[in-house]
Every structure is written in C-alpha cells, then in structure tokens.
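Subject: Structure for you to look at

Hello,

Here is the structure I said I would pass on. Please open it beside this email and follow along.

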There are 2 protein chains.
Amino acid sequence: MIRLNRLTDYAVVVLSQMGRDQDRVHTTARLAEDSAVPLPTVSKLMKQLARAGLVTSRRGAAGGYVLSRPAAQISVAEVITALEGPIALTACVDGAVDHCDVEALCAMRGNWNKVNRAIETALASVTLADMTVSPAEMFALPGRRPPGGKPAGMLS
Amino acid sequence: MIRLNRLTDYAVVVLSQMGRDQDRVHTTARLAEDSAVPLPTVSKLMKQLARAGLVTSRRGAAGGYVLSRPAAQISVAEVITALEGPIALTACVDGAVDHCDVEALCAMRGNWNKVNRAIETALASVTLADMTVSPAEMFALPGRRPPGGKPAGMLS
DNA sequence: TTAAAAACGGACGGATTTGGTCCGGTTTCA
DNA sequence: TGAAACCGGACCAAATCCGTCCGTTTTTAA
C-alpha cells in the first residue's frame, strides 16, 4: 500500500469542501467543524497550502482562506506536491531532496523517473472538483458527525 | 513525496539482480553481499516474496531462491503488492484493510479508486527487466561498495 | 482608539511505524 | 550425521507523524 500522508488526505477533503462555496472566505474553525478534523491541524494544513499558493489567506477579523483558483483548476497532484514535495515513488530519504549526490551509483533512478512521470500524469488529471461530493452524500447526519466518529474523508 | 517502503525499494534492487542470472539459485548471503543490504533484511524480504510466489525457495544445503518467472514477466506493481498489499493511494489506516465499514460516509473513496487504478496501470507496465541495469553501471567499484556507503538501490 | 477575530510561525512530545536483529526450528544435501 | 540454507516469529531502537500549544501580527468593527 503506497501511503499518502494523512495530512494530504485531510487537505483534499477540506479543499473540496471549500470548493463547494468557491468565493466565500472560510475560517479554519468552520472548516474544522465541518470536516471533523481537529482545528489546530486544519490550521497547520492551511498554512502550508497558503504557502504553496493553492489558497489565499485573509488576515484579521472576518478573515480566513479562499481558494486561489476554482476547484476545477486545482489538481490532486498539486495538493500532494504542496504538502509532500514532488510526486515521486521513492525511498530516497537522506538529505538530497532534489538531487542524488551518488547518482552514479544509482542507475536505477532513471527508470523510476519514467514510472514517476506516469503517476504524476495520472494525478494531474484529477481535479478537486472531481473529488467533490455533495454534503448529503458526505454526511449521514448533516451538521453533526456520528458520535465517536473519526474525521471525515477517506479514513475508514 | 509519496513514499514507498524502503523494503520495497530493496526488493526491486535485489530481484533485478536475480534477474541478471535468471536460472541460478541465489543465497540470501550472496544477494546481501552484492546489494549491500543487511543479510537479515534480505532474508526477511525474500520470505515475503516467496510467500507471494514471485520467487521460489529451495531449502537445505545448496538451497536459495530462484525467480519464479523471467524478470521480463514480473512487474513492479507485483513487487509492491507483494510487500505492501494492494496498490492504493490512501490514508485509510485503521483496520478495514480491504473494505471500509463506514463507506457510506466515505463517498470520496470511489473517486480515489479511479486514481488508484490509473496508478496501478502505470506500475504494471514496468517490469523488473526494465529496471535492470548492468553491474558496471550499478557500481563504480565492482565487488566493493564505497566505504561508508549506504545500501545500493535508489537510495541517495 | 481599542478590542476582538483571525491567521502566522515554530517548538514540542507522545504514539505509531519501520526496519533491522536475533534465535531456535526444519529441510536438504554431501 | 553434520553443515548449509531457508522458516517464522518475537523483539527493540530509531525515525516519523501528527496533533497540540504557545505567543505574535494583522485587520475589522465598535
């Protein structure tokens, strides 16, 4: 099972939620409540997404976050990249984020890159709008999560 | 960065290595030495791959492992599946391995499945033979890893 | 002008996962 | 019969994850 960060999972959920009300300013408090993701976590999430330019922050009272672009123009690939760095199936972990300093020893890498590009293409073709579902479908009990339920999303 | 298990990384390296000598019986000791992956780890790896049927074990003296099929007929997708379970970009973590028991709340899942299938297709089209490189390309110093070097493979 | 609302940034720490080790057992060959 | 090799599972240290908790800054509205 190729794991996605849980944070990334949340991000897709929360962003999709924002996409249902494209132009409104959403506070983290509201987003947290609606998605059942803990507030400080949503906050941390949004900060990262803002830095990546996927959402725009508006500070001060009556502030919050707005999608920088329509949901239909934000791909899942972008969300993943924003939170986890470049999309790549890799186990390269020690330093060397974008460049392998023993690349000569690492001839397999070129082959992986081919695979990675294929995966990126697949992810780039799915937008947040594609992932959006109506609230009625999302939640059995509108406005109230089932007691003891886990945060919404793709979590089982 | 979508992480692959490091074990899976090793597996691709080791299996590719076996592919260069398709019919020989490879001992874990030899594979470990050639790949610079610690022996007990190679051992653990091979056990899992054997269970999945990708390699066949031969016990007893002069035993070892053999590829069950030619390298050109083993896809990277199969290796991943053998070690990490079904290929899926997912954060579903709590129990519920193959079936989400709150699937009704989890409407997004269907959309993810579409993505997952695309990724699986990409991975299924790359075989171990595609990943194989000649030993000369793999190692600058044949038979000897650079001192302090990390295990070979795609590790940086 | 002041108070409240909201984002910002970063440090911290507990729980989980990972991956590496070890060891006694079993099978096969010479 | 002994050595070589796989088998299987318990175990533990290290790394990672993710959620929390500060104090700070910015903006709006009373």
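Below are some notes on what was found in it.

This is a predicted model, so local features are given only at pLDDT of at least 70 and side-chain atom pairs only at pLDDT 80 or more, while totals for chains, interfaces and linings use all residues. Residues are numbered from 1 along each chain as its sequence is written, chains are lettered from A and ligands numbered from 1 in the order in which they are written, and side-chain values use heavy atoms, with hydrogens and water left out.

Chain A

Chain A has seven helices and two strands; helices (H or I, at least four residues) and strands (E, at least two) are DSSP runs, numbered from the N terminus. Read from the N terminus, the order of elements is α-α-α-β-β-α-α-α-α. Of the 156 residues in chain A, 46% are buried (buried means under 20% relative accessible area, exposed over 50%, partly exposed in between, with a 1.4 Å probe and protein chains only).

The average pLDDT of chain A is 78, and 71% of the residues score at least 70; pLDDT is the predictor's confidence in each residue, from 0 to 100. Two stretches of chain A stay under 50: residues 92-105 and residues 134-149. The model has 23 contacts beyond four places in sequence for residues 92-105 and 19 for residues 134-149, where contact means heavy atoms within 4.5 Å.

DNA strand C

There are 25 residues around DNA strand C, and T28(A), K47(A), S57(A), Y65(A) and N5(B) come nearest. A residue is near a strand if one of its heavy atoms lies within 4 Å of it. Sugar and phosphate make up 70% of the strand C atoms that come within 4 Å of the protein.

Bases of strand C also take part in polar contacts, meaning pairs of N or O atoms within 3.5 Å (within protein, one must be able to donate a hydrogen and the other to accept it, and residues adjacent in sequence count only if both atoms are side-chain atoms). A polar side-chain atom of R59(B) is 3.0 Å from a base oxygen. Backbone atoms do this too: a polar one of G60(B) lies 3.4 Å from a base oxygen, and one of A61(B) lies 3.1 Å from a base oxygen.

DNA strand D

Around DNA strand D there are 24 residues, the closest being N5(A), K44(A), K47(B), S57(B) and Y65(B). Sugar or phosphate supplies 71% of the strand D atoms within 4 Å of the protein, and bases supply the rest. An N or O atom in the side chain of N5(A) is 2.3 Å from a phosphate oxygen of strand D. The side chain of R59(A) places a polar atom 2.8 Å from a base oxygen, and a polar backbone atom of A61(B) is 3.3 Å from a base nitrogen.

Inside the protein

Which residues touch the most other members of the largest nonpolar core? They are L123(A) and L123(B), in a core of 72 residues; a nonpolar core is a set of buried Ala, Val, Leu, Ile, Met, Phe, Trp, Tyr and Cys residues joined through side-chain atoms within 4.5 Å. Beyond four places in sequence, L123(A) touches residues of both chains, among them I80(A), I87(A), I2(B) and L89(B).

T127(A) sits in the loop between α5 (109-124) and α6 (128-131) of chain A. T127(A) is buried because its relative accessible area is 15%.

Regards
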